[in-house]
Amino acid sequence: MENFADLSRRIESLIRLGTIAEVDHAARRVRVQSGGLTSNWLPWCARRAGQTRDWDPPTVNEQVVLLCPSGDPAGGVALLALYSDQFDAPSSSPDETLRVYPDGARVLYNHVTGALSASGIKTATMQAAERVTLNVPETLITGNVIISGRLTVLGDVLARAAATVSGLFSYLAGMAGQGGAGGASTTITGNITHAAGTLSSNGVSLHGHRHPDSHGGETGTPK
């Protein structure tokens, strides 16, 4: 009968439901509360723990399955995780894959609409040793953009608002423009230096034009 009682206890303890009572992050161990039993420090099961590794530690009161080989809780492992009344599923949609975080951040992908969104985050950093490529027909940025390196644009640039250049403005393939709506014109304040080529206005060269003189001839060109 004693052997039967021990065997019965071991069978009962093979698989138990419980909740996380404590977490030791440095040791990667948890204590599990299951009924009147509080386990010793046990490992929890991660998704991957080889050359590819995950770090997503359990939280206190998270519901788990306690797996105990040979029915001995002292050698058990915590299998994560089961929804509970305290930590219910964040979605009920069959179309979504959703991750929520304690600070309210959410990463959501809807595989029907093809929409991926990350919300509630404060900062985001992507670091690459060689290159990051965004291959999309159109990109919309609603806030300010700061570029600390050189900007090279291979296509045309269309600016629908005012533009301010605080450094040297240089161009290599000529410059063309026209006045805006309401008779807007071009105004330059400060000195202008022109070298090489012809500076003309309405077809008249500034440095090559001549005027009739009082003797019936023409004046010389401006010096």
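**Sheets, core and aromatic contacts of the predicted model**

Ser 34 is buried, as its relative accessible area is 4% (buried denotes under 20% relative accessible area, exposed over 50% and partly exposed the range in between, with a 1.4 Å probe and protein chains only). The model is a predicted one, in which local features require pLDDT of at least 70 and side-chain atom pairs pLDDT 80 or more, whereas totals for chains, interfaces and linings use all residues. Residues are numbered from 1 along each chain as its sequence is written, and side-chain values rest on heavy atoms, with hydrogens and water left out.

Ser 34 belongs to strand 2 (strands are DSSP runs of E with at least two residues, helices runs of H or I with at least four, both numbered from the N terminus). Apart from residues up to four places away in sequence, Ser 34 touches Arg 16, Leu 17 and Gly 18 (contact means heavy atoms within 4.5 Å).

Strand 2 is part of an open sheet of 5 strands, arranged in the order 3-2-1-4-5 with antiparallel pairing (two strands pair if DSSP finds at least two bridges between them). In general, the strands of a sheet pair through backbone hydrogen bonds, in a parallel or antiparallel manner. The edges of the 5-stranded sheet are formed by strand 3 and strand 5 (77–82), each of which pairs on one side only. Strand 1 (residues 15–24) runs antiparallel to strand 4, and 5 bridges join the two. Within this pairing, Leu 17 has Val 65 as its bridge partner in strand 4, and Thr 19 has Gln 63. On the strand 5 side, strand 4 is again paired in the antiparallel sense, over 5 bridges. There Val 65 stands opposite Leu 79 of strand 5. Val 65 is thus a bridge partner of Leu 17 and also faces Leu 79.

The largest nonpolar core comprises 9 residues, namely Ile 20, Val 30, Val 32, Leu 42, Trp 44, Val 64, Leu 66, Cys 68 and Ala 78 (such a core is a set of buried Ala, Val, Leu, Ile, Met, Phe, Trp, Tyr and Cys residues joined through side-chain atoms within 4.5 Å). At least two residues of this core come from each of strand 2 (29–34) and strand 4. Ile 20, one of the core residues, is in contact with Val 30, Arg 31, Val 32, Pro 58, Thr 59, Val 60, Asn 61, Glu 62 and Val 64 when its neighbours within four places in sequence are left aside.

A second open sheet is built from 3 strands in the order 6-7-8, with antiparallel pairing. Its edge strands, each paired on one side only, are strand 6 (96–100) and strand 8 (115–119). Strand 7 (residues 106–110) is joined to strand 8 by 5 bridges, and the two run antiparallel. Leu 108 is located opposite Ser 117 of strand 8.

The structure contains 2 aromatic pairs (rings of Phe, Tyr and Trp, the last by its six-membered ring, pair if their centres lie within 6.5 Å; planes under 30 degrees apart are stacked, over 60 edge-to-face and the rest tilted). The pair of Trp 44 and Trp 55 is tilted because the planes stand at 45 degrees, with ring centres 5.9 Å apart. These two residues, 11 residues apart, are both placed in the loop between strand 3 (37–38) and strand 4 (63–67). Trp 44 is buried, at 14% relative accessibility, whereas Trp 55 is exposed, at 52%. The pair of Phe 169 and Tyr 171 is also tilted, with 6.4 Å from centre to centre and 45 degrees between the planes. Phe 169 is exposed at 53% relative accessible area, and Tyr 171 is partly exposed at 47%. In addition, Arg 31 lies over the face of Trp 41, 6.0 Å from the ring centre (the criterion is NZ of Lys or CZ of Arg within 6 Å of the ring centre and within 35 degrees of the ring normal).

Several backbone features were also identified. Most residues other than glycine have a negative phi, and most peptide bonds are trans. Leu 80 and Ala 81 are joined by a cis peptide bond, with omega about -5 degrees; Ala 81 is located in strand 5. Arg 28, in the loop between strand 1 and strand 2, has a positive phi near 55 degrees and is partly exposed, with a relative accessible area of 48%. Ala 196 likewise has a positive phi, of about 70 degrees. Ala 196 lies in the loop between strand 8 and strand 9 (200–201) and is exposed, with a relative accessible area of 71%.
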